[in-house]
Amino acid sequence: MTTERLYEFLVLSQTLSFSAAAKKLFMAQSTLSRHIVEMEDELGIKVLERGTHSVHLTLAGRMLASRIPRLLEKNEQAMAHLRLANTQTSGRVSIACLENNIHDQLVIFLNYFAAKYPDVDFNIDVLSRTDRVGVFEHYDLSFTAFELQKLPTYISVSVAFRSPGALCAQENHRLFSNYQLRLEELKGETLIVPYADELFCSYAAVRQLAEKSTGFALNIVKVPSVESALAMVSFGKGVAILPHYMSQNSLLNVWGVDISTPGCVFDTYVYYNENLNNPAARLMLEELTQFNSKEA
């Protein structure tokens, strides 16, 4: 069964009139009627109850009509992905990682992409905190922990990766008696929060969750970066909640333990610059979407 037949039935299910549906589809009413009969024969079910002057959907017809939009969307996504894969297998993609936000899944994905498309090259620049919008305008893809609210129309944003939160503390900390802990166990601790003044990021959301979970029995210390937070933890100034992939760091006396409290997660966002009109970058973004759907 073709997607064209499904779309024809969808239009008919919305109008419940062969004449009105045929007019919208720019086809003869007799042709539309024949197509619906052929579809019913192929499915082996009746999707319409035909009266003298009207038609009604059967239960099966209503179920089919409700699912067609999603089926058509999935088909269009798959076709777009195939067109990209077939038409663009070479090129170069410029990538920016802000605030040292190199997610472990990004490394896995780029290795996967490089193996699948060996003729597509890419470069990665790891950048410190800066004017993010200005950065996005010069790179095909940018990865960062922050979701900006005001963007140029040619820059789109979506969640690229999601990481569970982990508590970072000195190796002899009292909370390291278990393999996992809940946020309420942090009551009375000094919590060092990186990017504390950023409103639209997971660090702010996790801080609020920690405060709520402990009844606001936390001493909050604000620092400008993850590196600052880890340094203060290593000097015994408190604990920090970071993405799991950042908790495995090079500071010998800082350890990480996973947090099991629901909602304690960190998002990494990807910004795509349509203005650069790079087919290879579009291909990489499509592959990232497919990669994440497989990982989910």
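**Patches, faces and salt bridges**

Visitor: How much accessible area do I102, V107, I124 and V126 have together in their nonpolar patch on the surface?
Guide: A patch takes residues with over 30% relative accessible area and no salt bridge, joining like charges within 9 Å or nonpolar side chains (Val, Leu, Ile, Met, Phe, Trp, Tyr) within 5 Å. Areas come from the Shrake-Rupley method with a 1.4 Å probe, and for residues only the protein chains shown count as cover. Here I102, V107, I124 and V126 add up to about 290 Å².

Visitor: Before we go on, what kind of model is this?
Guide: Residues are numbered from 1 along each chain as its sequence is written, and side-chain values use heavy atoms, leaving out hydrogens and water. Local features need pLDDT of at least 70 and side-chain atom pairs count only at pLDDT 80 or more, while totals for chains, interfaces and linings use all residues, since this model is predicted.

Visitor: Is I102 buried, partly exposed or exposed?
Guide: Buried means under 20% relative accessible area, exposed over 50%, and partly exposed in between (1.4 Å probe, protein chains only). I102 sits in the loop between β3 (91-98) and α5 (104-116). Its relative accessible area is 38%, so call I102 partly exposed.

Visitor: Within what arc do the buried residues of α2 fall?
Guide: Helices (H or I, at least four residues) and strands (E, at least two) are DSSP runs, numbered from the N terminus. In α2, residues 18-25, the buried ones include F18, A21, A22 and L25. Going by directions from the helix axis to the C-beta atoms, these buried residues line one face of α2, because they fall within an arc of 100°.

Visitor: And which exposed residues are on the face of α2 turned away from its buried side?
Guide: The buried residues of α2 have cover that includes α1, α3, β1 and β2, where contact means heavy atoms within 4.5 Å. On the face turned away, you'll find the exposed K23 and K24.

Visitor: Which residue meets K116 in a salt bridge?
Guide: A salt bridge puts a side-chain nitrogen of Lys or Arg within 4 Å of a carboxyl oxygen of Asp or Glu. K116 does this at 3.0 Å, N to O, and its partner is E287.

Visitor: How far apart in sequence are the parts that K116 and E287 tie together?
Guide: K116 is partly exposed at 41%, whereas E287 is buried at 0%. K116 lies in α5 and E287 in α10, so the parts they tie together have a sequence separation of 171 residues.
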